[in-house]
Amino acid sequence: MEFSATTEKTVLEKRDHKGPLAVQRPFYPERNVCHVYILHPPGGIVGGDRLAILVKASTNSHALITTPAAGKFYRSEKKQASQTVDICVGEDAILEWLPQETIIYQGAQVKSSVNVNLGVNARFIGWEILSLGRPASGEGFDNGMVELNWQINHQQQPLFLERLFLDAKAFLARWGLQGFSACGTLFAFPANSESLRKVQELIGESQGRGVTLVDQLLICRGLD
């Protein structure tokens, strides 16, 4: 997907796809901001599937990308399922990457990578929300593996790198998810000490909430 700015609004200038992964027609609830749904009609990702998403927001454009429903990674017999998202935010552009949560079924083998490249005066907000197992159905996360990779660069310089492995041990450990089935991370750039202070006031002393500021990158985390 490639977004560009016109005098009136941001438009989805280029859209190419192969396989079942597709994009819904853009809509404009905020008038000039281009909202887009990414659709995956099969409803879930199985072992051996590979999804690749490339997003480019050109100069002065503003786009929000989301999904119509939760994503799902199903149980796999050793085969890995992968998803790679590459995001390029041009000069003075704004990109919001806000998909709904991803449900990781017990026994799934998942690798997810998000790579963000920010240009001069670019702005970005994005999140990743996971639900491990299906607690309402009595299913935990006794087996399976999830590898999560985030890389955020600003003007070709690394700003944030993270590689996280979640398995049955990490799911239960005090240094891991402590048995909480849902976890989420939000990134916002650029941010400042006032942004940090406001989030700190919002979460207070709540268990399972945290926020930090690293070189204008605000990082918020939560367990639930």
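**View 1. A hairpin links strands β1 and β2.** In this predicted model, the hairpin takes 4 residues to get from β1 to β2. Strand β1 covers residues 2–5, and β2 covers residues 10–14. The two strands pair in the antiparallel sense, over 4 bridges. Look for E2 in β1, and you will find K14 of β2 standing opposite. Strand β1 also has a partner in β5: these two pair in the parallel sense, over 2 bridges. On that side, E2 stands opposite K56. While you are looking at strands, here is a handy rule: in a regular strand, side chains alternate between the two faces of the sheet.

**View 2. S61 sits in the loop between β5 and β6.** Strand β6, which spans residues 62–66, comes after this loop. Is S61 buried or exposed? S61 counts as buried because its relative accessible area is 1%, and buried means under 20%. Who are its contacts? Leaving out residues up to four places away in sequence, S61 touches F3, S4, A5, T10, A93 and I94.

**View 3. The largest pocket holds about 530 Å³ of space.** How can we spot a space like this? Rolling a probe the size of a water molecule over the atoms shows where empty space is left. The largest pocket is lined by 33 residues, and those closest to its centre are T67, G71, Q83, P99 and T102. Several strands give two or more residues to the lining, including β4 (34–39), β7 (71–73), β8 (81–89) and β13 (145–154). Which element gives the largest share? That is β12, with 4 residues. Sorted by class, the lining has 22 nonpolar, 9 polar and 2 charged residues.

**View 4. L95 and W97 touch the most other members of the largest nonpolar core.** This core has 49 residues. A general pattern is worth remembering here: in soluble globular proteins, nonpolar side chains tend to be buried together. Now pick out W97 and trace its contacts. Not counting residues up to four places away in sequence, W97 touches I38, I53, I65, V85, I87, F124, I125, G126, W127 and W150. There is also a second, separate core of 8 residues, and among them are A188, A191, L218 and C220.

**View 5. A cis peptide bond joins F189 and P190.** The omega angle of this bond is about 0 degrees. To find P190, go to the loop between β15 (182–189) and α2 (193–203).

**View 6. R31 and Q216 are residues other than glycine with a positive phi.** Start with R31, whose phi is about 70 degrees. R31 is in the loop between β3 (22–23) and β4. Is R31 buried or exposed? R31 counts as exposed, because its relative accessibility is 74% and the cut-off for exposed is over 50%. Next, turn to Q216, with a phi near 75 degrees. Q216 belongs to the loop between β16 (209–214) and β17 (217–223). Its relative accessibility is 44%, so Q216 counts as partly exposed.

Terms used: Residues are numbered from 1 along each chain as its sequence is written. This is a predicted model: local features need pLDDT of at least 70, side-chain atom pairs count only at pLDDT 80 or more; totals for chains, interfaces and linings use all residues. Side-chain values use heavy atoms; hydrogens and water are left out. On a 1 Å grid over the protein atoms alone, a cavity is a set of points where a 1.4 Å probe fits but cannot get out, and a pocket is an open set with protein on both sides within 12 Å along at least five of seven lines; lining residues have an atom within 4 Å of a point. Grid points are joined across faces, edges and corners, and a volume is the space filled by probe spheres set on the points. Ala, Val, Leu, Ile, Met, Phe, Trp, Tyr, Cys and Pro count as nonpolar, Asp, Glu, Lys and Arg as charged, and the others, Gly among them, as polar. A nonpolar core is a set of buried Ala, Val, Leu, Ile, Met, Phe, Trp, Tyr and Cys residues joined through side-chain atoms within 4.5 Å. Buried means under 20% relative accessible area, exposed over 50%, partly exposed in between (1.4 Å probe, protein chains only). Contact means heavy atoms within 4.5 Å. Two strands pair if DSSP finds at least two bridges between them.
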